[in-house]
Amino acid sequence: MVADLKARGAIRSPQVEAAMLHVPRHLFVPERCRPLAYRDSPLPIAAGQTISAPHMVAMMAEALDLRPGQRVLEVGTGSGYNAAVMAELVGDGKVVTIERHPSLAEEAAKALREAGYDNVRVVVGDGSLGFEEEAPYDRISVTCGAPEVPGPLLEQLKEGGTMVVPVGGLTYQSLLRVRKREGRVETEDLGPVVFVPLLGERGHRRSQ
Ligand code: SAH
């Protein structure tokens, strides 16, 4: 899988390559999907949600330029797989990941423990408001589609920090890279993507 992602350009750095080689993706997918764990495909998880395709996880990790020691917020824990890849990349740093479905958060925390990641904190809550308690963050990874860049996330991003966030409608979004530089916000469009919706106070007004 990793060789294929490299050949297709989704993995560009040796750091992301090493991280993806280390994380056992099969621990993060439902048992019946395990034979498919190392295909480059999104898969269904509980609560009608999905674990992102590996190429998307790789692309987001590359776009974030994660470094050891950084403090990262992920919005949308889902399976916990993306959190695990980021945990590899920040090493002695920390990943805080927030999920609105308690059952998913619980499963993800279990898989992260089983895989040996003790630098990840899984929180249940509305990630469209960020997570003030551990702010500010060097990096923010939003793995669900938002109607716009959520203001609270921008506030909780450090000066010099970077956020990736899919922004758009319910069917598809643009993956934005947002950087805070000298008090200014720079936004770059990395291309079209498809994510499940960000719900909650600053998300799409739709129950799911
Ligand atoms: N990063 C995940 C993929 C997540 S799918 C992985 O690696 O598997 C997106 C997740 O975002 C879903 O689990 C969904 O429940 C969650 N989500 C949607 N809106 C949210 C919100 N406001 N706060 C926290 N989580 C949210």
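**View 1. Asn119 in a loop of the predicted model**. Asn119 belongs to the loop that links helix 5 (102–114) and strand 5 (120–124). The relative accessible area of Asn119 is 12%. That value is under 20%, the cut-off for a buried residue, so Asn119 counts as buried. The Asn119 side chain makes a polar contact with the backbone oxygen of Gly91, at 2.8 Å.

**View 2. The ligand in its pocket**. The largest pocket holds the ligand. Three elements each give two or more residues to the surrounding shell: strand 2 (50–51), helix 4 (81–90) and strand 4 (94–99).

**View 3. Residues around the ligand**. The shell comprises 26 residues. Closest to the ligand are Ser79, Glu99, Asp126, Gly127 and Leu199. Sorted by class, 13 shell residues are polar, nine are nonpolar and four are charged.

**View 4. Polar contacts to nitrogen atoms of the ligand**. Leu199 contributes a backbone N or O atom, 2.7 Å from a ligand nitrogen. Asp126 uses its side chain instead: a polar atom there lies 2.9 Å from a nitrogen atom of the ligand. At Gly76, a polar backbone atom is 3.0 Å from a ligand nitrogen. On its own, the ligand has 580 Å² of accessible area, and the protein covers 99% of that area.

Methods
Residues are numbered from 1 along each chain as its sequence is written. This is a predicted model: local features need pLDDT of at least 70, side-chain atom pairs count only at pLDDT 80 or more; totals for chains, interfaces and linings use all residues. Side-chain values use heavy atoms; hydrogens and water are left out. A residue is near a molecule or strand if one of its heavy atoms lies within 4 Å of it. A polar contact is a pair of N or O atoms within 3.5 Å; within protein, one must be able to donate a hydrogen and the other to accept it, and residues adjacent in sequence count only if both atoms are side-chain atoms. Accessible areas come from the Shrake-Rupley method with a 1.4 Å probe; for residues, only the protein chains shown count as cover. On a 1 Å grid over the protein atoms alone, a cavity is a set of points where a 1.4 Å probe fits but cannot get out, and a pocket is an open set with protein on both sides within 12 Å along at least five of seven lines; lining residues have an atom within 4 Å of a point. A molecule sits in a cavity or pocket if more than half of its atoms lie within 2 Å of its grid points. Helices (H or I, at least four residues) and strands (E, at least two) are DSSP runs, numbered from the N terminus. Ala, Val, Leu, Ile, Met, Phe, Trp, Tyr, Cys and Pro count as nonpolar, Asp, Glu, Lys and Arg as charged, and the others, Gly among them, as polar. Buried means under 20% relative accessible area, exposed over 50%, partly exposed in between (1.4 Å probe, protein chains only).
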